[in-house]
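Dear colleague,

I am passing on the structure we spoke about, so that you can look at it with the sequence beside it. Please open it before reading the notes underneath.

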Amino acid sequence: MRARIIGTGSAVPESVVTNDDLAKVVDTNDEWISSRSGIRERRIAREDNTTSLAIKAAKQAMEDAHMDSEALQMIVVATCTPDMFFPNTACQVQQALGAHNAVAFDLSAACSGFLFALSTVQAYINSGLYTNALIIGAETMSKVIDWKDRSTCVLFGDGAGAVVVKAEETGFIDMVLGSDGDGGHVLTCRTREMHNLLCEGEQEMDYLHMDGQPVFKFAVKKVPECVEQLLEKTGTDREAVDYYILHQANSRIIQSVAKRLHVPEEKFPMNLSTHGNTSAASIPILLDEMNRKGMFARGQKILMSGFGAGLTWGAALIEW
Ligand code: ACO
């Protein structure tokens, strides 16, 4: 059986932070940020957090799917910015929904998280163990950003996106996933320093560190590679794909991938100009926005691809 998306939802914080706003905090300007990344503004949480955004997106997706909470069997949250070590975000979503019969856990694969979660759920559905699931990508990157570091603070935003999937004859077609721990040092964020009764000194807070150019090079090489592998594996012509929905990190990365694949840029929708890079949330937020605009029709082929810290990457082909 195949996981088919039957409902979508998303939530972003109310507060909009423009490039001009950031130029008041760090030595930057709108021209640099928008020409290097395509980002013009981002949503930054004030009242919200990862859990509350996940819950809002989940409720919308459940409503869109006309799914009763009691019927939900599985909740998987992809996040690298949970609010708590435990309980996990998924259990907090379960409680908020009253989804008493669902098993709930989080999964961490940074910006590839949504695709890793989708493939995990597909494996459960294909095994026959479960017949439906709620998949959420939720992040508040703003809390792990060093707001004094102009090379990273301009790139990220907060938000959550969710999909409800159900076991059907059509839907998920196939996927390609990959990881490379050897390259992981280019994009890192430590949790807590080792600190216990045997350790001396104060605990230091760490923030996101990124070596932007290697990350850029990794993305523009790996994404076309895994997309081509997936097209070949599934015997799909690149023209037969209606939309290529890529992780929204940087418009230059997306344009480069389109060029390398010889696919028109119009098939690569983007929302990063208003949201920035929302990590695991970016693909499901974009899916939801497109769904709400009525851009999808039954039978259309959608190829999603994510890439990020780990390093991790992946691509999944689905039929709407
Ligand atoms: N404003 C103005 N100047 C800046 C800023 C800024 N916000 N940030 C950096 N600069 C300066 C640098 O200091 C540097 O100056 P120097 O030459 O005097 O040293 C100059 O601009 C050029 O910096 P580069 O790093 O060479 O800029 P580049 O063109 O490579 O673009 C960018 C940087 C946008 C970060 C690019 O490397 C990129 O997009 N990388 C991938 C980022 C990404 O997608 N990350 C997320 C992965 S997903 C995940 O898992 C979280």
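What follows describes the chain as a whole and then turns to one of its helices.

Please keep in mind throughout that this is a predicted model. The chain is built from 10 helices and 13 strands. Its radius of gyration is 19 Å, close to the 20 Å that the globule rule gives for 320 residues, so the chain is as compact as a globular protein of that length. Along the principal axes, the C-alpha trace spans about 55 × 50 × 35 Å.

As for the interior, 54% of the 320 residues count as buried. Among the contacts in the chain with a separation of 6 or more, 76% come from residues that are 24 or more positions apart.

Turning to the outside, the accessible surface of the chain comes to about 14400 Å², and carbon and sulfur atoms account for 49% of that area. The chain carries 29 positive and 41 negative side chains, and the centres of these two sets lie 4 Å apart.

The helix I would ask you to look at is α2, which covers residues 30–37 and in which I33, S34 and S37 are buried. Viewed down the axis of α2, these buried residues fall within an arc of 95°, so they line one face of the helix. The cover over the buried residues of α2 includes two helices from further along the sequence, α8 (251–261) and α9 (272–275), together with α1 (19–23) and the strand β3 (41–43).

With best wishes

Technical notes. Residues are numbered from 1 along each chain as its sequence is written. This is a predicted model: local features need pLDDT of at least 70, side-chain atom pairs count only at pLDDT 80 or more; totals for chains, interfaces and linings use all residues. Side-chain values use heavy atoms; hydrogens and water are left out. Helices (H or I, at least four residues) and strands (E, at least two) are DSSP runs, numbered from the N terminus. The radius of gyration is taken over C-alpha atoms; the globule rule is 2.2 Å times the number of residues to the power 0.38. Buried means under 20% relative accessible area, exposed over 50%, partly exposed in between (1.4 Å probe, protein chains only). Contact means heavy atoms within 4.5 Å. Accessible areas come from the Shrake-Rupley method with a 1.4 Å probe; for residues, only the protein chains shown count as cover. Lys and Arg count as positive and Asp and Glu as negative; His and the chain ends are not counted. The place of a charge is taken as NZ of Lys, CZ of Arg, CG of Asp or CD of Glu. The arc is that of the directions from the helix axis to the C-beta atoms.
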